Amino acid sequence: MPKIYPIVKFGDPVLEAPTPPITRFDDDLKRLVDDMFASMYEAHGVGLAAPQIGISKRVAVIDVTFKEDPGAKLVLVNPEIIKTEGRQSGSEGCLSLPEFRETVSRPKRVTVRAQNLHGEWFEHSGEDLLARAFMHETDHLYGKLYISHISALKRDLMKRKIRKLMKQGEW
Ligand SMILES: [Zn+2]
């Protein structure tokens, strides 16, 4: 049975630290990825990066169909964005910033290059929500959150609300 991890929330330094690349493609990595999918589904997310369960490693999982299509499950080990095209503006949230959503501008089409669980490199292109997920999850692995793409004014307002929730013990 995979392990369900609690999701780490904004404020924990692990979320803002760049991750070291994965170098070993072993059973521990497979287990970690299984745990990440289970934890993501449990939290009702469509993407999850390892730092969000407190593990600073360069791996993310995505399923923009949320269990609908098993073939849509994507494991991105050591991903890098190699091509972007166009723009899309849409509402974006993050499991590490629960209850908040903001409009974020992202590329419309994105090609990511990553390794699979066997260490083999592949390229995958996506549009719309998948393109957004590629950008969002790759950002996570470099210690970057989506709030770095919104205005300073909105970001400060969000941080003030979070500090208040922290004081009330609700974060
Ligand atoms: Zn996120």
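Modeller: The expected span of a helix is 1.5 Å times one less than its number of residues. The structure discussed here is a predicted model.

Biologist: What span should the 14 residues of helix α2 have, and how far apart are its end C-alpha atoms?

Modeller: Helix α2 covers residues 128-141. At 1.5 Å a residue, its 14 residues should span 20 Å, and this agrees with the distance between its end C-alpha atoms, which is 20 Å.

Biologist: Is α2 largely enclosed or open, and how many of its residues are buried?

Modeller: Among the buried residues of α2 are Leu130, Phe134, Met135 and Leu141. Charged side chains are included in the list as well, with Arg132, Glu137 and Asp139 in it. The helix is largely enclosed by the rest of the structure, because the number of its 14 residues that are buried is 12.

Biologist: Which residues coordinate the zinc ion?

Modeller: The donors follow the spacing C-x41-H-x3-H along the chain. Their distances to the zinc ion are 2.0 to 2.3 Å. The coordinating residues are Cys94 through SG, His136 through NE2 and His140 through NE2.

Biologist: How many residues apart in sequence are the parts that the pair Cys94 and His140 ties together?

Modeller: Both Cys94 and His140 coordinate the zinc ion, and both are buried. Cys94 lies in the loop between β4 (88-92) and β5 (102-106), whereas His140 belongs to helix α2, so the pair ties together parts whose separation in sequence is 46 residues.

Biologist: Is Gln52 buried or exposed, and which zinc-coordinating residues does Gln52 contact?

Modeller: Gln52 sits in the loop between β1 (47-49) and β2 (59-62). Its relative accessibility is 1%, so Gln52 counts as buried. Leaving aside neighbours within four places in sequence, its contacts include Pro6, Leu15, Ser96 and Glu137. Among its contacts are also two residues that coordinate the zinc ion, namely Cys94 and His140.

Biologist: Where is His44 found, and is His44 buried or exposed?

Modeller: Most residues other than glycine have a negative phi. His44 is not a glycine, yet its phi is positive, at about 60°. This residue is found in the loop between α1 (27-42) and β1. With a relative accessibility of 65%, against a cut-off of over 50%, His44 counts as exposed.

Biologist: What phi does Asp128 take, and what phi does Gly143 take?

Modeller: Asp128 lies in helix α2 and is partly exposed, its relative accessible area being 31%. Although Asp128 is not a glycine, its phi is positive, at about 55°. Just after α2, Gly143 takes a positive phi of about 80°.

Biologist: What pattern of helices and strands does the protein follow along the sequence?

Modeller: The protein has 3 helices and 7 strands. Among contacts between residues at least 6 apart in sequence, 63% join residues at least 24 apart. Read along the sequence, the pattern is α-β-β-β-β-β-β-β-α-α.

Biologist: What radius of gyration does the protein have, and what would a compact globule have?

Modeller: The C-alpha atoms fill a box of roughly 45 × 40 × 30 Å along the principal axes. Of the 171 residues, 44% are buried. A compact globule with 171 residues would have a radius of gyration near 16 Å, and the protein agrees with this, its own value being 16 Å.

Biologist: What share of the accessible surface belongs to carbon and sulfur atoms?

Modeller: The accessible surface of the protein comes to about 9100 Å². The share that belongs to carbon and sulfur atoms is 51%.

How values were computed. Residues are numbered from 1 along each chain as its sequence is written. This is a predicted model: local features need pLDDT of at least 70, side-chain atom pairs count only at pLDDT 80 or more; totals for chains, interfaces and linings use all residues. Side-chain values use heavy atoms; hydrogens and water are left out. Helices (H or I, at least four residues) and strands (E, at least two) are DSSP runs, numbered from the N terminus. Buried means under 20% relative accessible area, exposed over 50%, partly exposed in between (1.4 Å probe, protein chains only). Donors are N, O and S atoms within 2.8 Å of the metal (3.2 Å for Na, K and Ca); water is not among the atoms, so sites may look incomplete. Contact means heavy atoms within 4.5 Å. The radius of gyration is taken over C-alpha atoms; the globule rule is 2.2 Å times the number of residues to the power 0.38. Accessible areas come from the Shrake-Rupley method with a 1.4 Å probe; for residues, only the protein chains shown count as cover.
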